[in-house]
Each structure stands twice: as structure tokens, then as C-alpha cells.
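Colleague: Got a minute to go through this one with me? I'd like to talk charges first, then a pocket.

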Amino acid sequence: MKFTIITIIYSIGICCVLAAPIDDSQNAQIIRSDFDNIGVDGYRFSYETSDGISRQEEGQLKNPGTEQEAISVRGSVSWVADDGQTYTLTYVADENGYQPEGAHLPQP
């Protein structure tokens, strides 16, 4: 159950990051993709597209079968924005919530 909730929250967060307007004249192609160790207790993947987006992520099930069962996800995504700059967002999503970091994000 916790895995499902964290996965949904994480997916919403990533969708928000990647939901920037896309120029319809571009059709990005996947130029590299790796999917390793996709299973019950973890996963790992990465990909890169022709428009400069790259992403990598891995998740691991912690404390399986206990009340403290949770998935810990670590990853990053980079993209080239309209201003020509490359932005990188790194994140952790675990029992402590979603924790994004990036030089472009406001600091508390």
C-alpha cells in the first residue's frame, strides 16, 4: 500500500516537472534506454532523448514484510529549457516524503 501511494505521489511530481510546453514541430526520439533489475524488491532505469532530456532512477524496497515497509527512490532528470540552459533536478522519495534538489529551485 505504501509503495502504491509513494509511486503515485512520485509520478505526479515527475509529470509536473515534465509538463512544460512542447514545441509540436519537434518529435523527440529515444536515443538510449536501459531497464535493469525490475522486480518485486527494486528497479533501475535510465533514458535519454534527442531533445536533451535524460533521466535515471532506482528504487529499492526497504523492510519488506514489516510495518515499516517502504520504497526508497532516488533519481535525477535533466532537460534543456527554452532559455538554452540545462537544468537538473535530483530527488529522493521515501518514508520522509519527496525531496527534490536543484540549483534552479528556491531555497528555504
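Modeller: What follows covers salt bridges, a buried acid and one pocket, all in a predicted model.

Colleague: How many salt bridges does the structure hold?

Modeller: The structure holds 3 salt bridges.

Colleague: Which residues are linked in a network?

Modeller: Arg32, Asp34 and Glu48. Arg32 meets Asp34 at 3.2 Å, N to O. Arg32 also meets Glu48, at 3.6 Å. Arg32 is in strand S1 and Glu48 in strand S2, so that pair ties together parts 16 residues apart in sequence.

Colleague: And how accessible is Arg32?

Modeller: Arg32 counts as partly exposed, at 33% relative accessibility. Asp34 is partly exposed too, at 36%, and Glu48 is partly exposed at 31%.

Colleague: What else does the Arg32 side chain touch?

Modeller: Ser46, through a polar contact of 3.0 Å between the side chains. Ser46 sits in strand S2. Ser46 is buried, with a relative accessible area of 11%.

Colleague: Which side chain does Arg55 meet in a salt bridge?

Modeller: Glu57, at 2.8 Å, N to O.

Colleague: Is Glu57 buried or exposed?

Modeller: Glu57 is at 4% relative accessibility, so Glu57 counts as buried. Arg55 counts as buried as well, at 11%.

Colleague: Switching to Asp94. Where does Asp94 lie?

Modeller: In strand S5, residues 86-94. Asp94 is buried yet has no salt bridge.

Colleague: Why does Lys62 not make a salt bridge with Asp94?

Modeller: Lys62 is the nearest side chain of opposite charge, but 5.3 Å away. A salt bridge needs the nitrogen within 4 Å of a carboxyl oxygen, so the Lys62 side chain does not make one with Asp94.

Colleague: Then what does the side chain of Asp94 make a polar contact with?

Modeller: The side chain of Gln99, at 3.0 Å. In addition, the backbone nitrogen of Asn96 lies 2.8 Å from a polar atom of the Asp94 side chain.

Colleague: Now the pocket. How much space lies in the second largest pocket?

Modeller: About 150 Å³. Strands S2, S3 and S4 each give two or more residues to its lining.

Colleague: Which element gives the largest share of that lining?

Modeller: S3, with 4 residues. The lining includes Lys62, along with Glu58, Arg44 and Arg74.

Colleague: How does the lining split by class?

Modeller: The lining of the second largest pocket has 1 nonpolar, 5 polar and 5 charged residues.

Conventions: Residues are numbered from 1 along each chain as its sequence is written. This is a predicted model: local features need pLDDT of at least 70, side-chain atom pairs count only at pLDDT 80 or more; totals for chains, interfaces and linings use all residues. Side-chain values use heavy atoms; hydrogens and water are left out. Buried means under 20% relative accessible area, exposed over 50%, partly exposed in between (1.4 Å probe, protein chains only). Lys and Arg count as positive and Asp and Glu as negative; His and the chain ends are not counted. A polar contact is a pair of N or O atoms within 3.5 Å; within protein, one must be able to donate a hydrogen and the other to accept it, and residues adjacent in sequence count only if both atoms are side-chain atoms. On a 1 Å grid over the protein atoms alone, a cavity is a set of points where a 1.4 Å probe fits but cannot get out, and a pocket is an open set with protein on both sides within 12 Å along at least five of seven lines; lining residues have an atom within 4 Å of a point. Grid points are joined across faces, edges and corners, and a volume is the space filled by probe spheres set on the points. Ala, Val, Leu, Ile, Met, Phe, Trp, Tyr, Cys and Pro count as nonpolar, Asp, Glu, Lys and Arg as charged, and the others, Gly among them, as polar.
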